[in-house]
Amino acid sequence: MAHPVLQVEGLTKHYRAAGSFFASGTDIVHAVDNVSFTIDEATTFALVGESGCGKTTVTKVLLRLEQPTAGAVRFGDKIVHELSGNDLREYKRAVQAVFQDPYSSMNPRMRVLEIVAEPLRVHQGLRGSALCDRVEELLSDVGLSATAASLYPHQFSGGQRQRIAIARALALKPRLMVLDEPVSGLDVSIRAQILNLLIDLQIEHGLSYLLISHDLAIVEHMSHMVGVMYVGKLVELSSKDDFYSNPLHPYSKGLLAAVPHPDPDLPMSVGVTGEVASAIDPPTGCRFHPRCPIYQGTGACRASEPLWREALTGHRVACHKVEPMLEIADAR
């Protein structure tokens, strides 16, 4: 039986709009609205969707960079945003992050030894030879030699810098790592190396990952569970295999149709058409209905928010038009 590492329950995050030509001081940005999911031990949960759908806001709340407007994030039996003292320190040790641009999260004046050693000094009080040995061990775990410790970040390639960032995140033996577009700034050949490294580390250390990505090929390669977000809402939740073999929500189908296929003999598919809805003034009812290919202009899609429907496989979707699709899913 799977054991949850992190549970997100009805998570909501609203901002007061500022700095936009079209926004007034009283406008509210509905960045995340009532999102719930669970990340189990030693698994990868991927959040996917177009830019601006709320994926990164979810990570900021999980990392306590933002306070939630409503809802809760549970780590074990504790609510994350109520933690303080030793409990908060333990959470910060247990949940680490690897971001898209590792160079921007490293002090260019610090050598790699200092960068990787910093969390070990702060949280574990390591010093001297024990500290140097631990840094060397971490660098080895991510495929870097001990000589890297004496160099500066600018002396490494993008892929090597991402390995350094992963070593730093591993330093405190976390249970969960947040991977926010971890390879999007890298060359294709280097991406595969970093992704395979992350998979190997997950197996070796029993890590859980929250993967944020717009690249569905990466999600297919790494994830165990997939959540699809659109304008702050979670619209589909399923295993990776179910998502790629039988997507239920029209938005999910559009995202998958937009993925380039290497076979030139296959007909070109049309992805999601139209513009992403505004998070300041989201559509009523289903937020996807203005772009939905099966919306017929009237009825519940525009009038009311869809409830979650569940197939026999545990595949869940929020769509008013889902019943015939669920019959297909149930008959497999």
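The legends below describe close-up views of a predicted model.

**Figure 1. Overall fold of the predicted protein model.**
Eleven helices and twelve strands make up the protein. Its radius of gyration is 21 Å, close to the 20 Å that the globule rule gives for 332 residues, so the protein is as compact as a globular protein of that length. The C-alpha trace spans about 70 × 50 × 45 Å along the principal axes. Of the 332 residues, 46% count as buried. Where contacts join residues at least 6 apart in sequence, 64% of them link residues at least 24 apart.

**Figure 2. The largest nonpolar core, with Leu139 and Ile166.**
This core holds 58 residues, and Leu139 and Ile166 have the most contacts inside it. Helix α5 supplies the largest share of the core, six residues. Another core, of 31 residues, lies apart from it and includes Val35, Phe45, Val61 and Met229.

**Figure 3. Surroundings of Leu139.**
Neighbours within four places in sequence are left aside in this view. The remaining contacts of Leu139 are Val112, Val116, Leu144, Ser145, Ala148, Ala149 and Ala167. Leu139 is also one of the two residues named as having the most contacts inside the largest nonpolar core.

**Figure 4. The largest pocket and its lining.**
The pocket has a volume of about 480 Å³. It is lined by 17 residues, of which Lys92, Val95, Gln96, Ala97 and Phe99 are the closest to its centre. At least two lining residues come from each of α2 (85–94), β6 (95–98), α3 (112–124) and α5 (158–170). Strand β6 gives the largest share, four residues. By class, the lining consists of eleven nonpolar, three polar and three charged residues. Helix α5, one of the contributors to this lining, also supplies the largest share of the largest nonpolar core.

**Figure 5. The largest cavity, lined in part by Cys286, His289, Cys292, Cys301 and Cys319.**
The count comes to one cavity of 30 Å³ or more. About 70 Å³ of space lies in the largest cavity. Of its 13 lining residues, Cys286, His289, Cys292, Cys301 and Cys319 are the closest to the centre. The lining as a whole has nine nonpolar, three polar and one charged residues.

**Figure 6. Asn34 in strand β2 and Ala70 in strand β4.**
Most residues other than glycine have a negative phi. Asn34 is not a glycine, yet its phi is positive, about 55°. This residue sits in strand β2, which covers residues 28–40. Asn34 and Ala70 are 36 residues apart in sequence, and their C-alpha atoms are 8.0 Å apart in space. Ala70 belongs to strand β4, residues 70–75. Its relative accessibility is 35%, so Ala70 counts as partly exposed. Apart from neighbours within four places in sequence, Ala70 is in contact with Gly10, Leu11 and Thr12.

**Figure 7. Lys173 in the loop between α5 and β7.**
The loop that holds Lys173 runs between α5 and β7 (176–180). Phi of Lys173 is near 55°, a positive value in a residue other than glycine. Lys173 has a relative accessible area of 65% and is therefore exposed, the cut-off for exposed being over 50%.

Methods
Residues numbered from 1 in each chain as written. Predicted model: local features only at pLDDT ≥ 70, side-chain atom pairs only at ≥ 80, totals over all residues. Heavy atoms only, no water. 1 Å grid on protein atoms, 1.4 Å probe; cavity = no way out; pocket = protein on both sides within 12 Å on 5 of 7 lines; lining within 4 Å. Points joined across faces, edges and corners; volume = space filled by probe spheres on them. Nonpolar A, V, L, I, M, F, W, Y, C, P; charged D, E, K, R; others polar. Core = buried A, V, L, I, M, F, W, Y, C linked by side-chain atoms within 4.5 Å. Buried < 20%, exposed > 50% of the residue type's maximum accessible area, 1.4 Å probe, protein only. Contact = heavy atoms within 4.5 Å. Rg over C-alpha atoms; globule rule 2.2 N^0.38 Å.
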